[in-house]
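User: Please examine the following model and discuss its annotated residues, its backbone geometry and its packing.

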Amino acid sequence: MAEVVQHRHGKARVRVGRVWREGTRHAFVEWSVSVLLSSRCDPAFTVGDNSSIVATDSIKNTVYVKAKECTAIISMEEFAIFLGEHFVKTYPQVTGAQINIIEIPWEPITINGEIHNHGFKLGKGSHTCEVTIDAYGSAIVLSGLEGLALLKTTQSGFEGFVRDKFTLLPEVRERILATEVRAVWRYRSKPSCYNKAFETVRNKLMDVFFGPPVSGVYSPSVQNTLYLMGERVMQRLPEIESIKLSMPNLHFIPVNMPTVGVKFDHDVYLPTDEPHGTIEASLTRKSGHSKL
Ligand SMILES: O=c1[nH]c(=O)c2[nH]c(=O)[nH]c2[nH]1
């Protein structure tokens, strides 16, 4: 007969996206929240009596309930205190709560020095290149951009797609649109500066994705936004022959659990990256064929 000396239980990596809409200016955070409760529930371990266990599923739901209750923007430290206090105050058998949160470093977009109302990005993405030289010394130059994560909290929808017995997805005119752009383009002539051309491509891709800083621009699908991004890059840089864009659709699923107090109001989301939509296309100047 053994004695349980120490035990905890909780839920790890509860992903939550929270949007605060202050007029047309949106604030946004994405957190990965882990909760561990210390509680007097030894009989659950020793004799299979679950009567004192706060289910880890309820712990996960509570994260969303508390995120919903934060009606003003809050730091993750304050949120962790708010959440931890809830568990120790609500359940007499809970003697302690440890909350760990990692914040995904989404930062507001700036376009021409002006902060965008609802656009965010993660980092800057990487510049890549692939050069092939043939026996005569002629070079094919491909440049690319990898890992540029972009997100907008509004001005996106998806409607009018095939509806049949396999369809569950509702049609929406309001959703979060998030992606991680990968682009590869082929030069038909040498730009005056490859690095400057890369910067121009990156800025153009972002300008088209986000639209003007105050109003943004409506996206009816990732497909259409991707096409417009590629088209505008080729309009801006005549040296580019063709461009291939890959833009996964990183879904932010509305959290709607009215029975536990979370009625979705474009505020609390479950961010996912698996599975994700995969959208890609190659664009080429009308005269040529894409060699990407
Ligand atoms: O922009 C989108 N394109 C799709 O092809 C698609 N499919 C889906 O389920 N959601 C979306 N969104």
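The questions and answers below take up these topics in turn.

User: On what basis are the features of this model reported?

Analyst: This is a predicted model, in which local features need pLDDT of at least 70 and side-chain atom pairs count only at pLDDT 80 or more, while totals for chains, interfaces and linings use all residues. Side-chain values use heavy atoms, with hydrogens and water left out, and residues are numbered from 1 along each chain as its sequence is written.

User: Why do the residues that UniProt lists for "active site" not all gather at one spot?

Analyst: The unreviewed UniProt entry lists Lys11, Thr56 and His251 under "active site"; UniProt positions are given in the numbering used here, feature names are shortened, and annotations may be inferred rather than shown by experiment. These residues span 241 residues in sequence, and they do not all gather at one spot because the farthest two C-alpha atoms are 23.9 Å apart.

User: Which residues does Lys11 contact, leaving aside its neighbours within four places in sequence?

Analyst: Lys11 belongs to strand 1 (residues 9-22); strands (E, at least two residues) and helices (H or I, at least four) are DSSP runs, numbered from the N terminus. Its relative accessible area of 25% makes Lys11 partly exposed, a class between buried (under 20%) and exposed (over 50%), with a 1.4 Å probe and protein chains only. With contact defined as heavy atoms within 4.5 Å, the partners of Lys11 beyond those neighbours are Val33, Ser34, Val35, Thr56, Asp57, Ile59 and Lys60.

User: Where is His251 found, and which residues does it touch, not counting those up to four places away in sequence?

Analyst: His251 is found in the loop between strand 9 (240-246) and strand 10 (252-254), and it is partly exposed at a relative accessible area of 30%. Not counting residues up to four places away in sequence, His251 touches Leu270, Pro271, Thr272, Pro275, His276 and Gly277.

User: What is the omega of the cis peptide bond that joins Glu274 and Pro275?

Analyst: Most residues other than glycine have a negative phi, and most peptide bonds are trans. Pro275 is placed in the loop between strand 11 (268-271) and strand 12 (280-284). The cis bond between Glu274 and Pro275 has an omega of about -10 degrees.

User: What is the phi of His266?

Analyst: His266 lies in the loop between strand 10 and strand 11 and counts as partly exposed at 27% relative accessibility. Although His266 is not a glycine, its phi is positive, at about 55 degrees.

User: Which helix gives the most to the largest nonpolar core?

Analyst: A nonpolar core is a set of buried Ala, Val, Leu, Ile, Met, Phe, Trp, Tyr and Cys residues joined through side-chain atoms within 4.5 Å. Of the 31 residues in the largest one, Val181, Trp185, Leu205, Met229, Ile240, Ile243 and Leu245 touch the most other members. Strand 4 (107-111), strand 7, strand 8, helix 4 (194-210), helix 5 (222-236) and strand 9 each supply at least two residues of this core. The element that gives the most, with 8 residues, is helix 4.

User: Which elements do the buried residues of helix 2 pack against?

Analyst: The buried residues of helix 2 include Ile59, Val63 and Ala67. They pack against strand 1, strand 2 (25-39), helix 3 (76-90) and strand 11.
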